[in-house]
Number of protein chains: 2
Amino acid sequence: MAAAAEAVTEVDATNEEGEEEEQVVNPWEVSAGKGGIDYDKLVDQFGCQRLDDALVARVARLTARPPHRFLRRGLFFAHRDLNEILDLYEKGEKFYLYTGRGPSSEALHLGHLIPFMFTKYLQDAFKVPLVIQLTDDEKFLWKNLTVEETKRLARENAKDIIACGFDVERTFIFSDFNYVGGAFYENMVKVARCVTYNKVVGIFGFTPEDHIGKVSFPPVQAVPSFPSSFPHLFSGNDQLRCLIPCAIDQDPYFRMTRDVAPRIGYQKPSLIESRFFPALQGENTKMSASDPNSAIYVTDSAKEIKTKVNKYAFSGGRDSIELHRKLGANLDVDVPIKYLNFFLEDDNELEHIKKEYKEGRMLTGEVKQRLVAVLSELVARHQRARALVTEEMVDVFMAARPLPNMFG
Amino acid sequence: MAAAAEAVTEVDATNEEGEEEEQVVNPWEVSAGKGGIDYDKLVDQFGCQRLDDALVARVARLTARPPHRFLRRGLFFAHRDLNEILDLYEKGEKFYLYTGRGPSSEALHLGHLIPFMFTKYLQDAFKVPLVIQLTDDEKFLWKNLTVEETKRLARENAKDIIACGFDVERTFIFSDFNYVGGAFYENMVKVARCVTYNKVVGIFGFTPEDHIGKVSFPPVQAVPSFPSSFPHLFSGNDQLRCLIPCAIDQDPYFRMTRDVAPRIGYQKPSLIESRFFPALQGENTKMSASDPNSAIYVTDSAKEIKTKVNKYAFSGGRDSIELHRKLGANLDVDVPIKYLNFFLEDDNELEHIKKEYKEGRMLTGEVKQRLVAVLSELVARHQRARALVTEEMVDVFMAARPLPNMFG
């Protein structure tokens, strides 16, 4: 999976001729038009489905627990055939979850955590097995890294992923460099035979100057969607359905996968897709590894979080207190509110803050103070959990082992 | 490796406008111009080197045994950096051999045996380890076969290969579907990162309508050239040189491999390359699996061999005995002579037959009779050897095991 998942590149929304530019969303590029990503347009463009209130209510009913705040607040906003997964689940049939990460950096930022926090909720709520792919091969192909470095980063990232609280009895984490082979490789070759070069150019925008490693990669991300890629887990259960929680920039991979699946005798995976997590500087900027001030990292100290939020989080508040009291904040562009939307659990408190802030009674500083508290707690909790992750635990999660209690 | 290795497609050497057509030689197509393949031109076009008498004499001296008839008779006629391998060998440094086969059919024909017979000679003469790749993945990608069928064919073909007499203490046979993974996959990805799509189009002639499985394949055939792809064999010996005996249609793969090798810190493989083995109907026709009369198969009975040679082997003899006695045979197009050139061990007898036949004293029937005897003995010997190959022997040859006596 690509690092762009939660990033929005800084673009001039109009080109030199003053025409409006198309938004571009694929695993390696997310360029918003003026006014940010148009998610409605993206749903239509990609041909996925909107995740509406009725579906969220159905998830709540079937799992007998309140929906995750990412669902309540429309942060996971689109899907493909989630209803089919739920129909089967209602009849007593299980499924498995598949998500992943491209290990291109040592420290994860908050955006990287979103799919894992949500996947953990899904695993707990549905009691289903989970496979997590670390695409170290992808990062080797796209970044100037050595194989050894990408493998090391995969292992370090696995620790942060494990710290999210996944159930070791239901979770298999693997890196491509360590796991590709056997049935997994057979499925890669089966997928590759069904996809023309023209097709991947259309989906991913490769050029003839791109190396063939890029052209070869999409099947690698496709095949964890098929249970037969994991014989130690799902042997004899080749029609088990798969649900993929991911950011919507990964949709191209799975459009391709869903197109191919029936042609090789497999079920199409279902998807549940999130919006992008914004950079501190606002929705039309990019969280960048080279600018540590563009994001909050899970390694940041409370002091760093406080400084970053206070100094860099783009505010929708007004230029003077007087003006703010009079006009109120512009919530559409306010990053602290967007972050609280992702991370403040209490719906009532969130609504209260938004109302007070919008109507000018609450100031940016007060909102930021609340955000600093929320993020500091989240990050401190993550750091405590990660400190407890041993090398032995990583070995266990990454062992290609049977999971006897995976549906337990 | 591709089945085209020993085949020449039937072509009209001039196109509709009457212009002379270019000869095309790549792993999937071998089209001769008028008058057959121009091997001299091929050497220049590919940029490989001619294997001259001095080099053959050097091989004989270094191995302290007469050169194989394929060498004596220029059937292996081209190379790349064979002299470097010999320089090092002379100083006491070993190397390893790599050859292979694309398992697309159950029964091998004589053309398929050529690289293996020659490789067995090299292994015996130099006392070096050998890896044999069965590209079942390639055949899945190029032919309308299932994965299971290509895996079955790989195993069946392995039996014929083992029957050629390879030393189990120095030989590792693997199929891609069974072996790709780990260090082998890492090397595939490293190679793929160094080769653009434009480049593979230039080398292999892929089109945008081709599936990406084809585009992904060249690195799979490239990486057995690198000892680090076989950690169980060559661990800690990543600079061990590799010599690849193959038909010259495989040269494009290894041109690509040699181009990439220094960029990823590896030695370039050396090559020793053969001419094509002709179909019974002559050099400008194709041995075809759908026409059993175009080739002698290792499964043919003595009676079938006799019938095929007598009925189908294209003769350079004249239309009447009188004319033949007067003009003699045209050896340039005579298939029995070409086959004897490959398979009759005795140089003196071969020269005698050629002289007598060319000068009209020997008739086609007599030459064919000698060929039938030679091939019947060869095929019978192969069949006896193959009957002794057990499933357990296949398992041993194909086990990814260390070879403690591989240089012994």
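**Reading a two-chain model: a salt bridge first**

Tutor: Start at the contact between the chains: A:Glu186 makes a salt bridge with B:Lys151, with the closest N and O atoms 2.6 Å apart. Keep in mind that this is a predicted model, in which local features need pLDDT of at least 70 and side-chain atom pairs count only at pLDDT 80 or more, while totals for chains, interfaces and linings use all residues. Residues are numbered from 1 along each chain as its sequence is written, chains are lettered from A and ligands numbered from 1 in the order in which they are written, and side-chain values use heavy atoms, leaving out hydrogens and water.

Student: How many salt bridges does the rule find across the interface of chain B and chain A?

Tutor: The rule wants a side-chain nitrogen of Lys or Arg within 4 Å of a carboxyl oxygen of Asp or Glu. Across this interface it finds two.

Student: And what is the area buried between the chains?

Tutor: Buried area is the accessible area (1.4 Å probe) that two parts lose on being put together, summed over both. Here that comes to about 3,000 Å², with carbon and sulfur atoms giving 63%. B:Tyr185, B:Arg193 and B:Ile212 supply 25% of what chain B buries against chain A, more than any other three residues. Counting contacts (heavy atoms within 4.5 Å), 35 residues of chain B touch 35 residues of chain A.

Student: Which surface does each copy use to meet the other?

Tutor: The same one, because 100% of the interface residues of chain B are also interface residues in chain A. For the symmetry, copies are superposed by least squares on the C-alpha atoms of residues with pLDDT of at least 70 in both. Chain B lands on chain A with an RMSD of 0.0 Å after a turn of 180 degrees and a shift of 0.0 Å along the axis. That is how a two-fold axis relates copies. In chain B, B:Gly181 comes closest to the rotation axis, its C-alpha at 2.2 Å.

Student: What is the strand order in the sheet of chain A?

Tutor: In general, strands of a sheet pair through backbone hydrogen bonds, either parallel or antiparallel. Strands here are DSSP runs (E, at least two residues), numbered from the N terminus, as are helices (H or I, at least four); two strands pair if DSSP finds at least two bridges between them. Chain A has an open sheet of seven strands, order 3-4-9-8-5-6-7, with mixed pairing. Strand 3 (49–50) and strand 7 (171–175) of chain A are at the edges with a single partner strand each, so one side of each lacks a neighbour in the sheet. Five bridges join strand 6 (residues 130–134) of chain A to strand 7, running parallel, and A:Gln133 stands opposite A:Phe174.
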